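Visitor: I am new to this structure and should like to understand the terms used for it. May I see it before I ask?

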Amino acid sequence: MSLGYAQKLSYREDVGTVGMSEIFDPPDLLQQKIEELALMIKKSKHLVAFTGAGISTSSGIPDFRGPKGVWTLQRAGMGLPEASLPFHRAMPSLTHMALVELERADILKFVISQVLKKILLIPWVWFEESNVDSLHLRSGIPREKLAELHGNSFREVCPACGIEYIRDFEVETIGMKETSRRCSDTKCGAKLKDSVLDWEDALPPKEMNSAEKHCRTADLVLCLGTRERIKLWFPTYYLAVCSLQITPACNLPLKCIRNGGKIVIVNLQPTPKDKKASLVIHGLVDKVVIAGIMNFLSLCIPPYIRIDFAQLSLSHSPKKNTYVKWTLRITSIHGPRAPLAFLKSVEISFPERPDLKSAFLDKQPFHLKRETARKRPFKMLLTFHFCDGCSCPSTSIEWPIDFQVTKGSFVQDKDEVLRSLKNAAGEESHGGQYAALEAKFLPRSEVTTIAIATSICRFDGLADVNRRLDMISNNYFPLIKRCNEGTNGNTTSEKRFKRT
């Protein structure tokens with residue numbers, strides 16, 4: 001979840017239990033459970049995933065109720081926690097990318113994400129706390145295979161025609177309020193609304209219908225990382241800590257159980273649903289469970305490669321047919337007033353024209369005004385300096401300018417261009433690659449949309465079993481050792497302790 005999202009939520013004094021102790025299974029038992037879960041996934045015909053904040057904490061996004069969660073620290077009078085990355089630059093975790101590979105392998109059929117303030121208890125899905133961070137979409141889960149029950153901080157929706165807009169910046173409001181933008185469809189033009197629910201908002205029917213459809217046919221649901229004790233009352237669902245009524249179908253969990261569906265819960269805290277689960281695993285989702293499962297299934301976790309977009313526009317007007325006044329603008333594809341969240345500054349130089357002065361733009365909106373000879377072409381070098389959170393510091397784009405040549409507009413296949421960019425970034429193991437998606441040329445202006453690979457994160461080492469075991473030993477088991485010191489060697493999975 002986002003710190004900004006927590007601040008935007010309507011005030012509630014009672015947010016339930018926070019800072020709960022965590023449980024870790026002993027190493028041998030943990031490995032046994034991992035292998036059992038891997039076999040269940042391998043045999044599954046319709047796997048559904050239900051996710052939330054827990055899979056995003058390793059992406060640098062604090063959760064709500066964990067030992068260092070937003071509400072936990074606020075309850076202790078410690079203020080908000082620090083995020084290791086800006087919300088818009090957070091990269092998908094190992095678990096996010098593992099889900100992508102499971103979907104590509106046609107094992108995972110559907111993903112349901114939700115946020116803790118309203119929880120739909122469906123016992124055959126991956127289950128956690130909060131997920132309005134858009135990381136599922138960024139990781140590569142197809143939109144048609146994703147239900148975001150509580151919205152997406154980066155998604156706007158047109159209430160009139162239903163078009164969705166995925167932004168590269170966090171939308172300024174929550175609670176399905178009107179934003180400052182309008183639908184770009186020329187036949188519509190209605191004011192857009194954010195898609196994130198506040199406490200009292202109803203679950204979106206479209207998302208819920210898709211979630212229910214897949215849950216009814218699921219034979220395995222993995223509930224991952226929930227940090228909250230939940231009580232289930234019939235015939236409707238209630239979140240115990242908030243007493244919020246949750247629709248829809250009241251008999252959905254019972255139907256799943258009667259149809260032979262299995263529940264698996266991967267969680268560091270006990271839940272009231274543990275007794276209904278076929279398997280309960282107490283372990284770190286990213287570093288232990290998912291890495292172990294993917295290794296057991298001989299599946300490689302793909303790298304995450306982020307693509308960002310920008311528009312380069314050049315408008316010009318002749319001055320007595322000898323000189324040209326021109327203006328360069330570098331803007332977001334979401335509109336001239338939208339922020340370019342990935343870009344910190346732009347350096348503009350003219351390598352073949354020492355008579356033209358270079359420029360350094362460090363404030364948005366980025367624009368440069370110049371006057372040059374009409375009949376003398378030149379090359380402009382744009383060096384983009386990326387913001388914190390980008391694994392690539394910068395890239396340079398060469399742009400030839402000739403005011404006497406008429407150019408033809410074009411539109412590239414977006415999917416093919418992005419695929420080529422990601423392949424190039426993956427092969428070279430670094431970002432900075434770019435390509436033009438489309439260009440529109442008019443008598444006095446030209447606008448080019450470019451795509452840039454700004455970040456790459458690999459998970460290759462976790463696919464190797466020996467290195468994975470070393471990682472587990474170094475990063476996971478010392479926690480158990482500290483927990484058991486002074487407890488007469490008791491290493492049962494019911495031993496609880498506070499992480500620091």
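Guide: What follows is a short series of questions and answers on a predicted model.

Visitor: How do you know that the sulfur of Cys188 has no bond to the closest cysteine sulfur?

Guide: A disulfide requires two cysteine sulfur atoms within 2.5 Å. The sulfur of Cys188 lies 3.5 Å from that of Cys158, the closest cysteine sulfur, and this is too far for a bond.

Visitor: What rules out a bond for the sulfur of Cys390?

Guide: Its closest cysteine sulfur belongs to Cys387, at 4.2 Å, which is again too far for a bond. The structure as a whole holds zero disulfides.

Visitor: Why is Cys390 called buried?

Guide: The word applies under 20% relative accessible area. Cys390 has 14%, and is therefore buried.

Visitor: Why, then, is Cys188 called partly exposed?

Guide: That term covers values between the buried limit of 20% and the exposed limit of 50%. Cys188, with a relative accessible area of 28%, is therefore partly exposed.

Visitor: What makes S17 and S20 edge strands in their sheet?

Guide: The sheet is open and has four strands in the order S17-S16-S19-S20, paired antiparallel. Strand S17 (359–361) and strand S20 (394–401) each have a single partner strand, so one side of each lacks a neighbour in the sheet. On average, neighbouring strands here are turned by 20° against each other, direction ignored.

Visitor: How do you know that S16 and S17 pair?

Guide: Pairing requires at least two bridges between the strands. Strand S16 (residues 343–349) and S17 have three bridges, in the antiparallel sense. In one bridge, Glu347 has Phe360 of S17 as its partner.

Notes: Residues are numbered from 1 along each chain as its sequence is written. This is a predicted model: local features need pLDDT of at least 70, side-chain atom pairs count only at pLDDT 80 or more; totals for chains, interfaces and linings use all residues. Side-chain values use heavy atoms; hydrogens and water are left out. Buried means under 20% relative accessible area, exposed over 50%, partly exposed in between (1.4 Å probe, protein chains only). Helices (H or I, at least four residues) and strands (E, at least two) are DSSP runs, numbered from the N terminus. Axes are lines fitted to C-alpha atoms, for helices over the stretch in contact, and angles run from 0 to 180 degrees between N-to-C directions.
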